[in-house]
Amino acid sequence: MKDKISLLFAVGALAFAGFMLASGFYIYLIACTSWKEVAPQFLSGRVLGALFISVSSSFIVGILALVAGVPFAYFLAYGDFRFKSTLETLMVDLPQTFPPVTVGLVYLILLGSRSPVNIAFTFTAVVIAKFYVSSPFMVGFAARRFREVKARGLDLIARSLGADTRQLLFRIIIPLSRRDLLAGFSLTWARAMGELGATMVFAGIIPWRTEVIPTLVYSVSQTEPNTAIAAAVVAETLSIAALISLRRGVREKR
Amino acid sequence: MKILRLENVCKSYGETRALDMVNLETTAGEFMVVMGPSGCGKTTLLLVILGALQPDEGHVIIDGEAVDDLPMESRGMGYVPQDFGLFPHMNVRQNISFGLEVKNTPREVIDQTVKRMLSLVQLSQHSERRPSELSGGEKQRVALARALATNPSLLLLDEPLSSIDEATKTHVRESLKKILKEAGATTICVLHNPEDAFALGDRIAVMNKGRIIQVGTPQELLEEPRDSIVKKLIATMYV
Ligand SMILES: Nc1ncnc2c1ncn2[C@@H]1O[C@H](COP(=O)(O)OP(=O)(O)O)[C@@H](O)[C@H]1O
Ligand SMILES: [Mg+2]
């Protein structure tokens, strides 16, 4: 290194990489060093319960995002209306930066004990709480791919050949977007797995009912660190797996 | 074989006037070339005829009937865009049969038609290949076959020779001409190269800045070029 700025940049980059790697993977080191105490916790009822609630509710969130997000993405790509980009910002970008805890509060007030439909602190509440912050991944991936298909003019050709909207969707647009929809699903699922704030406020932390991995880690981190470590390892491993499967899917030849 | 007529067609994109009072009429089965410099409105003209764009003013008329309110899927026109727009997830056979399948054509008729189209464009041996496994000229013929399979009222080709390399150009041009004469469809074909235009067109419409400057047979254009633009285009052929 000759000049100062490259040296500074190298130091900055190293610090960043070290910090990120340590934050992401140190949990495995911790788990290994206290393996004897942590290992039994993997099969403890609480961890398994939270795992089951987490995986199933996140899967439902993914499915719901697919069912509702794909039509929305279709209108973002093909619709012709004013304020489209504003709408996209509100529906796709904002939820990813919004503090989830405020959404949880809104649901608690809107759908809690003070409202006629009291579903606070239920499994349904877990799903709803996760949906807002997670589903934008689905919409984002789908809309981007739909726009690519549109830019290539494939919709014009299919239409000119006589295809109606249903045939255009199910024979051209969706088959061409399969991998992107899968990627959107994986990321939605992974984000839902990690959601804490909204779930905690609206669904509470009731073991075997609404307790998910993140809320379990939160609630036992002081009192039962070994359980928290086991739960954290499970959560991390699942999100790494989701990312790997996503990369595989996207990298494969179109 | 249908007759296309455009009546005072105007189309603007915001401030850009892409089509300015365009009037044009083909005869049945004619190969009409639309030629002009880049950005003069040729693609826009095809998209308006196709129904992908609504004209701001004027009418598109097929066999004496205005089709302005007819959506694209009901106009029955064949469209081959500049990059051919083959469906990448379907093989050659599936690409060609798509237009027949969406109209619930009986299976035997589809198979028969696809076979006929494949032999028309001489691609029978490549029927199971994906578009990514085809050369530029082969892609063009698949796109042509796909458009012709539905027996279109009108065929719209956008720069069909632009991605064909010079070495095979003459051959591709001849086979294009032969295929279209055999299919007997009225064709509007956009070209920017005067040499291709003169080799292919029954008549040529010369466009500039959204307007049609002159329409005539290659002979007429050579003998009586009506405008400096037309003269310039012809001149480039002999340099
Ligand atoms: N979608 C669009 N939005 C705005 N301007 C456009 C659009 N498409 C084409 N134009 C403009 O309209 C004019 C005609 O374009 P086009 O029909 O594509 O020309 P050509 O096919 O002859 O090259 C050009 O000036 C082009 O920049
Ligand atoms: Mg063009």
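Let's start in chain B, where B:Arg203 sits in strand E9, a strand made of residues 203-208. Please keep in mind throughout that this is a predicted model. Setting aside the neighbours within four places in sequence, B:Arg203 is in contact with two stretches of residues that you can pick out by their numbers. One group is B:Glu25, B:Thr26, B:Thr27, B:Glu30, B:Phe31, B:Met32 and B:Val33, and the other is B:Val215, B:Gly216 and B:Thr217. Among these partners, B:Glu30 deserves a closer look: its side chain makes a polar contact with the side chain of B:Arg203, at 2.5 Å. If you would like one more landmark, try B:Leu221, which is 18 residues away from B:Arg203 in sequence, with 9.2 Å between the two C-alpha atoms.

Staying in chain B, let's turn to ligand 1. Which residues surround ligand 1? The shell consists of B:Tyr13, B:Thr16, B:Ala18, B:Ser38, B:Gly39, B:Cys40, B:Gly41, B:Lys42, B:Thr43 and B:Thr44. Sorted by class, that shell has six polar residues, three nonpolar ones and one charged one. Helix H1(B) provides the largest share of the shell, with three residues.

Several polar atoms of chain B can be followed to the oxygen atoms of ligand 1. From the backbone of B:Cys40, an N or O atom lies 3.2 Å from a ligand oxygen. B:Lys42 also takes part through its backbone, with a polar atom there 2.9 Å from an oxygen of ligand 1. B:Thr44 contributes through its side chain, where an N or O atom is 2.5 Å from an oxygen atom of the ligand. How much of ligand 1 does the protein cover? On its own the ligand has 560 Å² of accessible area, and the protein covers 57% of that. The elements giving two or more residues to the shell are strand E2 (16-25) and helix H1 (42-50) of chain B.

Now let's move across to chain A. Chain A has twelve helices and zero strands, so to speak a run of α elements from the N terminus on. Along its principal axes, the C-alpha trace of chain A spans about 70 × 65 × 30 Å.

How do the two chains meet? On one side are 15 residues of chain A, in contact with 24 residues of chain B. Together the chains bury about 1800 Å², and 68% of this area is on carbon and sulfur atoms. Within the area that chain A buries against chain B, A:Ser160, A:Leu161 and A:Arg171 supply 36%, more than any other three residues.

The polar side of this interface can be counted too. Between chain A and chain B there are five residue pairs in polar contact, with both residues at pLDDT 80 or more. Which elements of chain A give two or more residues to the side that touches chain B? They are helix H7 (154-160) and helix H8 (165-176). H7(A) gives the most, with six residues. By class, the residues on this side of chain A divide into nine nonpolar, three polar and three charged.

Salt bridges make a good last stop. The structure holds 19 of them over all chains, and the count between chain A and chain B is two. One salt bridge joins B:Glu73 to A:Arg159, with 3.3 Å between the closest N and O atoms. This pair crosses between the chains, leading from helix H2 of chain B (residues 72-75), which holds B:Glu73, to helix H7 of chain A, which holds A:Arg159.

Notes: Residues numbered from 1 in each chain as written. Chains lettered and ligands numbered in written order. Heavy atoms only, no water. Contact = heavy atoms within 4.5 Å. Buried area = accessible area lost by both parts, 1.4 Å probe. Salt bridge = Lys/Arg side-chain N within 4 Å of Asp/Glu carboxyl O. Polar contact = N/O pair within 3.5 Å; in protein donor to acceptor, adjacent residues only side chain to side chain. Helix = DSSP H or I, 4+ residues; strand = E, 2+ residues; numbered from the N terminus. Nonpolar A, V, L, I, M, F, W, Y, C, P; charged D, E, K, R; others polar. Near = heavy atom within 4 Å. Areas by Shrake-Rupley, 256 points an atom, 1.4 Å probe, with all protein chains shown as cover.
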